[in-house]
Amino acid sequence: MAKRHVSDRKTYDYVVIGGGSAGCVMANRLSEDRSTTVMLLEAGGHDLHYPIRFPAGMMRMKKEWDWGYQAEADASRNGFQDIWAAGKVLGGSSSINAMVWVRGNRADFDNWAAQGCEGWDYDSVLPYFRRAESWEDGADDYRGERGPQRVSHMRISNKLIPAFVDAAQQTGLPRNKDYNGADQHGVATGQVSQRNGMRASTARSYLAPARRRANLSVTTHAQVTRILVENGKAVGVEYVRQGRTLRVRAEREVILSAGALASPKILMLSGIGPADHLREHGISVKADLQGVGQNLMEHPHAQIKYEVTERTLNMDLTPLGMAKHGLDFLFRRRGAVTSGFNHAILFANSSDAAEWCDIEMQMLVLGTSAKVKEVADEYGLGHEVHTMTPDTYPVVSVMPAFLHPSGRGSVGLRSANPLDDPVIRHELLGHPDDMAGLLAGVKLAREIFRQPAIKKYVVSERIPGDSATTDEDLKKYLSVAGFTGKHASGTCKMGVDEAAVVDPQLRVRGVKNLRVVDASVMPVVTSGNTNAPTIMLAERAADLVRFGAAAGAPSATGTTPARQ
């Protein structure tokens with residue numbers, strides 16, 4: 001007899017808010033226990049679209065798959081109003097990002113533990129990184145090979161990529177075989193969240209196989225308006241779907257995985273947050289948590305463009321070029337169709353004072369400009385994916401980023417209307433240390449392109465250009481053209497101090513049966529792209545939920561691990 005599916009229930013054991021990088025992991029791992037019932041609520045729709053599935057489709061992403069929140073004016077960048085990306089589709093940001101797979105630095109997690117986040121040191125989280133992934137080169141002491149999340153090398157061949165790697169070595173950086181292994185420091189070719197050249201979002205890696213389970217219900221186009229809190233306990237969720245306001249109950253826990261921009265908003269709409277701010281919008285206070293929406297972090301980025309003598313990917317948008325790359329993908333699963341944004345990547349220290357790597361630099365044999373004048377800066381750049389168009393000359397782009405920002409921003413409510421976007425305040429380069437760190441990254445990029453291995457291919461530096469010679473020239477450039485890395489984090493930070501929103505078991509302080517599981521809980525943003533550590537967070541959170549924090553979650557390599 002066929003099993004009855006749970007989709008018509010009004011009560012579940014677990015309700016997961018957000019089908020993104022963390023939410024898909026939680027839905028998979030929690031539903032592995034067939035005695036439980038799990039509901040996943042996602043505001044967007046399904047992910048089965050060509051621009052999502054094929055990596056080269058990034059510049060054809062539809063705006064409907066991205067929340068695209070507009071921030072307040074940034075005084076550190078001449079009043080520029082950023083668009084903060086966040087996936088609005090199954091897979092969340094893992095369905096629309098550049099697929100760059102970076103775990104972060106060992107010291108990041110040891111630093112979390114030193115701040116009171118017991119159980120989040122590197123040795124404790126490493127088993128969850130390994131459990132999550134299926135690494136193309138196979139397992140070792142640091143990498144996994146049987147996890148749901150596929151990770152592979154970039155599948156792009158171009159002589160400028162090894163030239164960049166060689167040039168970085170000529171500056172003194174070591175060649176690093178695996179920056180997600182024993183040591184992050186050095187230069188390498190990129191690693192991406194792909195399977196056979198296709199995007200491997202958490203919607204594909206975790207959720208797709210889990211949806212066959214009768215105890216898991218997935219509801220799309222369901223925008224959560226608030227968490228229902230009764231007598232200090234989360235008991236359910238209210239959401240809007242097809243114009244109707246609906247409610248679902250949670251017998252055990254509500255898991256909030258809506259991301260660093262939406263999770264604090266949902267908490268505040270539910271009466272959990274800074275009391276004065278809630279009362280300002282007429283919201284009844286359930287828990288006065290001053291840290292909700294605070295501690296917003298981002299990685300400042302810059303872009304440098306070099307015109308080169310060799311053909312680059314943006315030059316192949318011709319019938320012949322597209323046919324060539326299409327055949328390359330069809331028969332070998334390689335080439336431009338598989339392209340992410342990290343054909344090569346390096347991690348370095350900005351100065352002798354840096355305790356661990358604080359500069360990341362991605363290189364790609366591709367150049368883009370803003371196709372819409374309204375979003376372009378005076379250099380013609382634009383970093384919202386929906387506004388990009390390929391350049392018309394052979395170009396290499398390098399994107400240095402400063403990984404340890406001191407600046408902090410905030411996410412607040414615009415009104416009590418759940419459908420209004422949040423208020424995002426953040427100065428990307430407002431702190432002098434962040435400007436100095438990004439400037440060091442730009443200088444390192446220029447040093448690399450002066451090295452013999454790649455200099456022989458360079459025609460000229462197109463942006464910012466050879467006329468920008470002094471630190472003041474470069475700071476002026478950065479204040480116009482600096483951009484975010486789409487790595488929002490920290491707004492529901494984990495910790496043991498008064499500013500913490502969740503404890504080290506990710507439980508919301510002052511509210512029972514409610515956890516936050518996404519990049520918002522990072523007390524300090526990791527040294528690199530945030531998708532891989534977010535997946536790790538969810539892997540460990542699933543054990544915390546299933547096995548009980550009071551008894552201590554078992555190791556991911558212990559006797560009762562989640563099935564891979």
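**Figure 1. Strands 5, 6 and 8 in an open sheet.** Glu133 stands opposite Gln149 in strand 6. This view, like those that follow, is drawn from a predicted model. A further pair in the view is Trp135, which stands opposite Val151 of strand 6. Strand 5 and strand 6 (residues 149-153) are joined by 3 bridges and run parallel. Strand 6 is also joined to strand 8, here by 2 bridges, and these two strands run antiparallel. Within that second pairing, His153 has Gln191 in strand 8 as its bridge partner. The resulting open sheet has 3 strands in the order 5-6-8, and its pairing is mixed. Strand 5 (133-135) and strand 8 (191-192) each have a single partner strand and stand at the edges, so one side of each is left without a neighbour in the sheet. In general, the strands of a sheet pair through backbone hydrogen bonds, in either a parallel or an antiparallel manner.

**Figure 2. A charged group over the ring of Trp135.** Arg143 places its charged end over the ring of Trp135, 4.1 Å from the ring centre. Trp135 is the residue shown opposite Val151 in the preceding legend.

**Figure 3. The largest nonpolar core and a second, separate core.** The largest nonpolar core comprises 80 residues. Those with the most contacts inside this core are Met26, Leu41, Trp120, Ile227, Leu267, Ile272 and Leu514. Helix 13 (residues 531-547) gives the most to the core, contributing 9 residues. A second core, separate from the largest one, has 64 residues and includes Val100, Ala401, Ala445 and Phe449. In soluble globular proteins, nonpolar side chains tend to be buried together.

**Figure 4. The surroundings of Ile272.** Which residues is Ile272 in contact with, leaving aside its neighbours within four places in sequence? They are Val229, Leu267, Leu278, Lys286, Ala287, Leu289, Val292, Val508, Val511 and Leu514. Two of these, Leu267 and Leu514, are named with Ile272 among the residues that have the most contacts inside the largest core.

**Figure 5. An aromatic cluster that includes Trp120.** Phe109, Trp112, Trp120, Tyr122 and Phe129 form one aromatic cluster. A search of the whole structure finds 9 aromatic pairs. In the pair formed by Phe109 and Phe129, the ring centres are 5.7 Å apart and the planes stand at 70°, so the arrangement is edge-to-face. This pair links distant parts of the chain, with Phe109 in helix 3 (residues 106-114) and Phe129 in helix 4 (residues 122-132), 20 residues apart. Phe109 and Phe129 are both buried. Trp120, a further member of the cluster, has the charged end of Arg540 over its ring, 4.6 Å from the ring centre.

**Figure 6. The tilted pair of Tyr179 and Phe347.** The rings of Tyr179 and Phe347 form an aromatic pair with 5.5 Å between the centres and 45° between the planes, a tilted arrangement. Tyr179 belongs to the loop between helix 5 (160-170) and strand 7 (186-189), whereas Phe347 belongs to strand 19 (residues 344-348). The pair thus links distant parts of the chain, 168 residues apart. Both Tyr179 and Phe347 are buried.

**Figure 7. Val521 and Cys492.** Val521 is found in the loop between strand 28 (514-516) and helix 13. Is Val521 buried or exposed? Its relative accessibility is 0%, so Val521 counts as buried. Apart from neighbours within four places in sequence, Val521 is in contact with Cys492, Lys493, Met494, Val502, Leu506, Val516 and Leu537. Cys492 is likewise buried, with a relative accessible area of 0%. The cysteine sulfur closest to that of Cys492 is in Cys117, and because the separation is 14 Å, the two are too far apart for a bond. The structure as a whole holds 0 disulfides. Elsewhere in the chain, Cys357 counts as buried at 4% relative accessibility.

**Figure 8. Thr484 in strand 27.** Thr484 lies in strand 27 (residues 483-484). With a relative accessibility of 3%, Thr484 counts as buried. Not counting residues up to four places away in sequence, Thr484 touches Arg77, Asp82, Trp84, Glu298, His299, His301 and Leu428. Asp82, one of these residues, also relates this view to the preceding one: the C-alpha atoms of Val521 and Asp82 are separated by 23 Å, and the two residues are 439 residues apart along the chain.

How values were computed: Residues are numbered from 1 along each chain as its sequence is written. Side-chain values use heavy atoms; hydrogens and water are left out. Two strands pair if DSSP finds at least two bridges between them. Helices (H or I, at least four residues) and strands (E, at least two) are DSSP runs, numbered from the N terminus. A nonpolar core is a set of buried Ala, Val, Leu, Ile, Met, Phe, Trp, Tyr and Cys residues joined through side-chain atoms within 4.5 Å. Buried means under 20% relative accessible area, exposed over 50%, partly exposed in between (1.4 Å probe, protein chains only). Contact means heavy atoms within 4.5 Å. Rings of Phe, Tyr and Trp (its six-membered ring) pair if their centres lie within 6.5 Å; planes under 30 degrees apart count as stacked, over 60 as edge-to-face and the rest as tilted. A charge sits over a ring if NZ of Lys or CZ of Arg is within 6 Å of the ring centre and within 35 degrees of the ring normal. A disulfide is a pair of cysteine sulfur atoms within 2.5 Å.
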